[in-house]
Amino acid sequence: MNESYIGYHLTDRWLKTVCTRNVESVLRLYEPDAILIGTLSDRILVGDELEGYFHMFLSKQNLCGKITDLWVQASDHGYIITSGLYTFSWIENRQVQVVPARFSFVFIPTGRGDWLITNHHSSQVP
């Protein structure tokens, strides 16, 4: 399987998991000491701090998203980086909120045939 396919699949899996709004399922996609700069956060979060962020983020009514642009880079060191644009939407105060954002993920192989996120940056498009 080529790296572009793997990178697309991993990013798509992350977004589909976010759309389930299940915090534990999303956290299983990250390595224990992963770094996150979340779309709706003004802090860099590490390790156990991700849980609080995802409880807040995934609590949004009807939260889901769509990838609109995706680029994949493979590293000589065995990891895959994906970067691009996605748009989240949810309902807040009976209004649909739409937040376009840019992202980058660094995925590392686990050695068990799967991949985990070690670094994830997401920020609202200005």
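Okay, let's start in the sheet: strand E5, residues 95–109, is joined to E6 by 9 bridges, and the two run antiparallel. One spot to find there is Phe107, which stands opposite Ile117 in E6.

Before going further, some ground rules. This is a predicted model, where local features need pLDDT of at least 70 and side-chain atom pairs count only at pLDDT 80 or more, while totals for chains, interfaces and linings use all residues. Residues are numbered from 1 along each chain as its sequence is written, and side-chain values use heavy atoms, with hydrogens and water left out.

On the names: helices (H or I, at least four residues) and strands (E, at least two) are DSSP runs, numbered from the N terminus. Strands pair if DSSP finds at least two bridges between them.

So how are the strands ordered in the sheet? The sheet is open, with 6 strands in the order E2-E1-E6-E5-E4-E3, and its pairing is mixed. At the edges you have E2 and E3, each with a single partner strand, so each has one side without a neighbour in the sheet.

Let's walk along it. E2, residues 45–46, pairs with E1 in the antiparallel sense over 2 bridges. Look for Ile35, which stands opposite Val46 in E2. Next door, E1 and E6 run parallel, joined by 4 bridges. Here Tyr30 has Ile117 in E6 as its bridge partner. You've met that residue already, since Ile117 also stands opposite Phe107.

Now over to the other edge. Strands E3 (residues 61–74) and E4 (residues 80–92) run antiparallel, with 11 bridges between them. Gly65 stands opposite Phe88 in E4. The hairpin of E3 and E4 has 5 residues between the strands, and in it Gly78 takes a positive phi near 95°.

Stay on E3 for a second and find Lys66, which sits in that strand. Is Lys66 buried or exposed? It's exposed, with a relative accessible area of 58%. For the wording, buried means under 20% relative accessible area, exposed means over 50%, and partly exposed is in between, using a 1.4 Å probe and protein chains only. Leaving out residues up to four places away in sequence, Lys66 touches Leu15, Leu85, Tyr86 and Thr87, where contact means heavy atoms within 4.5 Å. Lys66 and Thr11 are 55 residues apart along the chain, yet their C-alpha atoms are separated by 11 Å.

Compare that with Glu92, over in strand E4. Glu92 is partly exposed, at a relative accessible area of 34%. Its contacts, again not counting residues up to four places away in sequence, are Lys60 and Gln97. Glu92 and Ile108 are 16 residues apart along the chain, but there are 35 Å between their C-alpha atoms.

Right, on to the rings. How many aromatic pairs does the structure hold? There are 12. The rule is that rings of Phe, Tyr and Trp (its six-membered ring) pair if their centres lie within 6.5 Å; planes under 30 degrees apart count as stacked, over 60 as edge-to-face, and the rest as tilted.

Take Tyr30 and Phe54: the ring centres are 5.6 Å apart and the planes are at 45°, so this pair is tilted. That pair links distant parts of the chain, with Tyr30 in strand E1 (residues 30–37) and Phe54 in helix H3, 24 residues apart. Both Tyr30 and Phe54 are buried. Phe54 also pairs with Tyr53, this time edge-to-face, at 5.3 Å centre to centre and 75° between the planes. Tyr53 is buried as well. Zooming out, ring pairs link a cluster that includes Trp14, Tyr30, Tyr53, Phe54, Tyr86, Phe88 and Phe107.

Last stop, the cavity. The structure holds 1 cavity of 30 Å³ or more, and about 30 Å³ of space lies in the largest cavity. Its lining is Trp14, Gly38, Thr39, Tyr53, Phe54, Phe57, Tyr86, His120 and Ser122. Helix H3 (49–58) and strand E6 (115–124) are the elements giving two or more residues to that lining, and H3 gives the most, with 3 residues. Here, a cavity is a set of points on a 1 Å grid over the protein atoms alone where a 1.4 Å probe fits but cannot get out, and lining residues have an atom within 4 Å of a point. That's the tour, thanks!

Methods:
1 Å grid on protein atoms, 1.4 Å probe; cavity = no way out; pocket = protein on both sides within 12 Å on 5 of 7 lines; lining within 4 Å. Points joined across faces, edges and corners; volume = space filled by probe spheres on them.
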